[in-house]
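Q: Got a minute to go through this fold with me? I'd like to start with the helix packing and then move on to the charged pairs.

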Amino acid sequence: RVGEQDVTLHLRVPEQPVYVIGNAVRLEQVIVNLISNALDAMRERPQRDLTIALERGEQRASLEVRDTGRGIAREHLSSVFDPFYTTKDVGQGLGLGLSISYGIIQDMGGEISVESTLDRGTTFRIVVPLAGILAPHTAVAIQT
């Protein structure tokens, strides 16, 4: 979809994989949902930039998915993770993706947040614990 929609992808990731505690399939589901939502939000926009940035902190990793889409009104930001809430047109989504994503990230011991400005874009940020010596069997690599 990135190529089909003429979206410019900006990828900022460390050279080495970042290992976090969690389930790879569920984490992939969250990331795919955020990217899909970003692409939907940029569909009719003249400038379509998608930025995915991964950073490793001392104890946590953060992943940002930023778009130049239509944005989300301030009064709707507190509801975006609620089940069945959507800003998409009727028939374009059930409003469950972000709610499910929220639960997955919470189950991983992490946090997910959103910032948005109308007509400028939206940034979703995921912060999850890094894998360590205590939990190597639950480690998931985030890499390109």
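A: Sure. This is a predicted model. Helix H1 lies across strand S3 (49–56), S4, S5 and S6, and runs at about 20° to S4.

Q: Which residues does H1 cover?

A: H1 spans residues 24–42, and Asn 33 is one of the residues in it.

Q: Is Asn 33 buried or exposed?

A: Asn 33 is buried: its relative accessibility is 16%, and the cut-off for buried is under 20%.

Q: What is Asn 33 in contact with, leaving aside its neighbours within four places in sequence?

A: With those neighbours set aside, Asn 33 touches Gly 97, Leu 98 and Ser 101. Gly 97, Leu 98 and Ser 101 fall in the stretch of helix H3, which runs over residues 97–107.

Q: OK, the sheet now. In what order do the strands come?

A: The order is S1-S3-S4-S6-S5, five strands in an open sheet with mixed pairing.

Q: Which strands stand at the edges?

A: S1 and S5 (111–117) do. Each has a single partner strand, so one side of each is left without a neighbour in the sheet. On average, neighbouring strands of this sheet are turned by 10° against each other, if you ignore direction.

Q: And S4 with S6, is that parallel or antiparallel?

A: Antiparallel, over eight bridges, with S4 being residues 60–67 and S6 residues 121–129. As one example of the pairing, Glu 64 has Arg 125 in S6 as its bridge partner.

Q: Which residues form a network of salt bridges with Glu 64?

A: Arg 66 and Arg 125 are linked with Glu 64 in that network. For the Glu 64 and Arg 66 pair, the closest N and O atoms are 2.7 Å apart.

Q: How accessible are Glu 64 and Arg 66?

A: Glu 64 is partly exposed, with a relative accessible area of 22%. Arg 66 is partly exposed too, with 29%.

Q: How many salt bridges does the count come to?

A: Five. One of them joins the side chains of Asp 107 and Arg 26, at 3.5 Å from N to O.

Q: Where do Asp 107 and Arg 26 sit along the chain?

A: They are in distant parts of it, 81 residues apart, with Asp 107 in helix H3 and Arg 26 in helix H1. Asp 107 is exposed, at 58% relative accessible area, while Arg 26 is partly exposed, at 33%.

Q: What does Arg 43 form a salt bridge with?

A: Asp 40, and the closest N and O atoms of that pair are 3.0 Å apart.

Q: Is Asp 40 buried or exposed?

A: Buried, with a relative accessible area of 15%. Its partner Arg 43 is partly exposed, with 41%.

Q: Changing topic: which residues form the nonpolar patch on the surface?

A: Leu 9, Leu 11 and Val 13, with about 240 Å² of accessible area together.

Q: Where is Leu 11 found?

A: In strand S1, which covers residues 8–12. Leu 11 counts as partly exposed, because its relative accessibility is 45%. And S1 is one of the edge strands we went over, with a single partner strand.

Terms used. Residues numbered from 1 in each chain as written. Predicted model: local features only at pLDDT ≥ 70, side-chain atom pairs only at ≥ 80, totals over all residues. Heavy atoms only, no water. Helix = DSSP H or I, 4+ residues; strand = E, 2+ residues; numbered from the N terminus. Buried < 20%, exposed > 50% of the residue type's maximum accessible area, 1.4 Å probe, protein only. Contact = heavy atoms within 4.5 Å. Patch = residues over 30% accessible without salt bridge, like charges linked within 9 Å, V, L, I, M, F, W, Y side chains within 5 Å. Areas by Shrake-Rupley, 256 points an atom, 1.4 Å probe, with all protein chains shown as cover. Salt bridge = Lys/Arg side-chain N within 4 Å of Asp/Glu carboxyl O. Pairing = 2+ DSSP bridges. Axes fitted to C-alpha atoms, helices over the stretch in contact; angles between N-to-C directions.
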